[in-house]
Amino acid sequence: MWRRLRSALRSLRGSPAAAAPGGGGPPAAAMERAVVRCVPSEPKLSLRFVLPDGSARHMQRDQEEPLGRALARIATNAAKGQGKAGKKSKKARAEGGAEGEAAVPAVRLFSRDGAAVAEEVPNAAAWQDGAVLHIGDARYRVERNPPALTELSLPRSLLAGFPVCPKVSAEFAAPQHCLFRWFRQQRPAGGGDAAGEAWVETAAAERVFTPSNALVGLRLKLRCTPGDGQQRYGPAREVESSGPVEAGPGACTFDSRHLYTKKVCGHGSVRAVSYNILADTYAQTEFSRTVLYPYCAPYALEIDYRQNLLKKELAGYSADLICLQEVDKSVFVDSLAPALDAFGLEGLFRIKEKQHEGLATFYRRDKFRLLSQHDIAFSEALLSEPLHKELCEKLAKNPLVQEKVLQRSSVLQVSVLQSTTDPSRKLCVANTHLYWHPKGGNIRLIQIAVAMSHIRHVACDLYPSIPVIFCGDFNSTPSSGTYSFISSGGIAEDHEDWVSNGEEERCSMSLSHPFKLLSACGEPAYTNYVGGFHGCLDYIFIDRNALEVEQVIPLPSHEEITTHQALPSVSHPSDHIALICDLKWK
């Protein structure tokens, strides 16, 4: 059988049809597609095409296999297809084929310039974009790794006046090179709710679409065509919203702040944001609804609703750096990362140990590129990294405190970024969320000591003298030992926070770090405002030797914060308030 197949494959070598890829067949524009997926990291390539009898074929072949064996398999599949269709070739009977045995079609592959590809060439090198596959009289244009969508979805909740950011995942393509067409349902002539499947294209042809109030009650549809930026486009896909556009909440606490951040600041400046966005895993509990936030309308605690507000708020800040805390993993993957990617921001995520939430750092792609990441879990680093050995030995003298420190899941996210316009400018961007308990000042001091030692290692040893921007929810007021340690560079062993939970947990020690850090947004009256507490817990610390503050974006007024008693509310998605400042290099 193998000998007969090889004979059939060779039979076309001298024929006129084999002289050029299009010889004897339809013009290139009418050719069928033969889609090849070939990725260097995978041992096999895949080949998809539709035979003349209409049957689809999906083949997996070793990349190093000689082309001749793949072509022989294609010939076998084509012959089986013909046999199933009840077709029998006169040529096969003339060659002595048994009664009922289908003819084996000649199968050849020609390069883009019309030369026959030798059967000895490995599959990975043979199946090039633009080549032409001959299966008998049929012609197939080879598309190697064409752009393809792997996922296309819309948010479950759509609000008028709030950006709709689709989740777009693609292979051999990039969302910024895809084509987007938005459609709305056709409203019935007599008014009322839309019904049926009539769609009207909107004027928007961008990745992000903001529905107007006129679209309330109508569903949306998106058609996306994947592209790779090289004028190659793959098959389009469509997705419809699961529900209609709903009315928005009206004025939000961040609307007035957006007046200061309409444009991205220049290349000599950096706009930084730090924001605890309230993890869904904490907002969606009975305790949260009845004890922590009883004043908040239940629907305003729902993740879909809050995500609409968060995406509009963050996008409107036109930031270069965004450090977020309490980010659910699913929220990062399915919502924030796709949304902020559409606004030019690349996201990094670090989950807390044994938790469903963590930290996220976003940076503007056209301003920065990522050089390296140096994330740690405090408890793990304290035990395993030599630079914390002395601190670990001191902590071991109080096993009770040591156990509490090691039980905490807190992490530190550290990213080293480089300016895209001035490679000499680098930044060490740190992001953290310290232990929350009101009596946990001693635990927070240990955590921040580990953090500062690690940041010193990155910003002094690995990348000597690069500036530091340290953002986060430090769960520490300006009068705390943690704040004093960060801003002054040291803390005495007799500081009252060492006994924040009583004498039995005293673990007094003096600490120091080499940085000159300044709270860029000062000491606001509060950055966290809930029913039973308000205070300043969040900060953006900057290296005062290298950076200075251009402007601090004003926080919402007290009247705006308390319109619905406290936070979160129907007009504010978190119990914290974002800190925003514009920095410039000295």
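Q: Which elements cover the buried residues of helix 15?
A: This is a predicted model, and helix 15 is a handy place to start looking at it. On that helix, Gly481, Thr482, Tyr483, Phe485 and Ile486 are buried. What packs over them includes helix 14, strand 22 (490-491), strand 23 (511-512), strand 24 (517-519) and strand 27.

Q: Which residue just after helix 15 has a positive phi, and what is the value?
A: Most residues other than glycine have a negative phi. The residue here is a glycine, found just after helix 15. That's Gly489, with phi at about 95°.

Q: Which helix gives the most residues to the largest nonpolar core?
A: That core has 45 residues, and those with the most contacts inside it are Leu412, Ile448, Ile455 and Phe470. The top contributor spans residues 441-462 and puts in 11 residues. So the one you want is helix 14.

Q: Which of the other residues with the most contacts inside the largest core does Leu412 touch?
A: Set aside residues up to four places away in sequence, and Leu412 still touches a long list, including Leu359, Ile376, Phe378 and Ala451. Ile448, Ile455 and Phe470 are the candidates to check against that list. Those on it are Ile455 and Phe470.

Q: How many residues are in the second, separate core?
A: Among its members are Val273, Tyr295, Ile303 and Val327. This core is separate from the one that includes Leu412. Its count is 43 residues.

Q: Why does the pair of Phe474 and Tyr539 count as tilted?
A: A pair of aromatic rings is described by the distance of the centres and the angle of the planes. For Phe474 and Tyr539 the centres are 6.0 Å apart. Stacked needs planes under 30 degrees apart and edge-to-face needs over 60, with the rest tilted. The pair is tilted because its planes sit at 55°.

Q: How many residues apart are Phe474 and Tyr539?
A: Phe474 is in the loop between strand 21 (468-473) and helix 15 (481-488), while Tyr539 is in strand 27 (residues 538-543). Both are buried, and both belong to an aromatic cluster with Phe470, Tyr483 and Phe541. The pair links distant parts of the chain, with a separation of 65 residues.

Q: Is Ser288 buried or exposed?
A: Ser288 lies in helix 7 (residues 286-292), and its side chain makes a 2.8 Å polar contact with the side chain of Thr285. Beyond its neighbours within four places in sequence, Ser288 is in contact with Tyr282, Ala283, Tyr293 and Pro294. Its relative accessibility is 1%, so Ser288 counts as buried.

Q: Is Ser465 exposed or buried?
A: Look in the loop between helix 14 and strand 21 for Ser465. Its phi is near 65°, a positive value in a residue other than glycine. The cut-off for exposed is over 50% relative accessible area. Ser465 has 69%, so it is exposed.

Q: Where is Phe172, whose phi is near 60°?
A: That phi is a positive value in a residue other than glycine. Phe172 is partly exposed, with a relative accessible area of 27%. Its place is the loop between strand 8 (167-171) and strand 9 (179-185).

Q: Which residues are joined by a cis peptide bond?
A: Most peptide bonds are trans. In this one, omega is about -5°. One partner is found in the loop between helix 16 (558-561) and strand 29 (579-585). The two are Leu567 and Pro568.

Technical notes. Residues are numbered from 1 along each chain as its sequence is written. This is a predicted model: local features need pLDDT of at least 70, side-chain atom pairs count only at pLDDT 80 or more; totals for chains, interfaces and linings use all residues. Side-chain values use heavy atoms; hydrogens and water are left out. A nonpolar core is a set of buried Ala, Val, Leu, Ile, Met, Phe, Trp, Tyr and Cys residues joined through side-chain atoms within 4.5 Å. Buried means under 20% relative accessible area, exposed over 50%, partly exposed in between (1.4 Å probe, protein chains only). Helices (H or I, at least four residues) and strands (E, at least two) are DSSP runs, numbered from the N terminus. Contact means heavy atoms within 4.5 Å. Rings of Phe, Tyr and Trp (its six-membered ring) pair if their centres lie within 6.5 Å; planes under 30 degrees apart count as stacked, over 60 as edge-to-face and the rest as tilted. A polar contact is a pair of N or O atoms within 3.5 Å; within protein, one must be able to donate a hydrogen and the other to accept it, and residues adjacent in sequence count only if both atoms are side-chain atoms.
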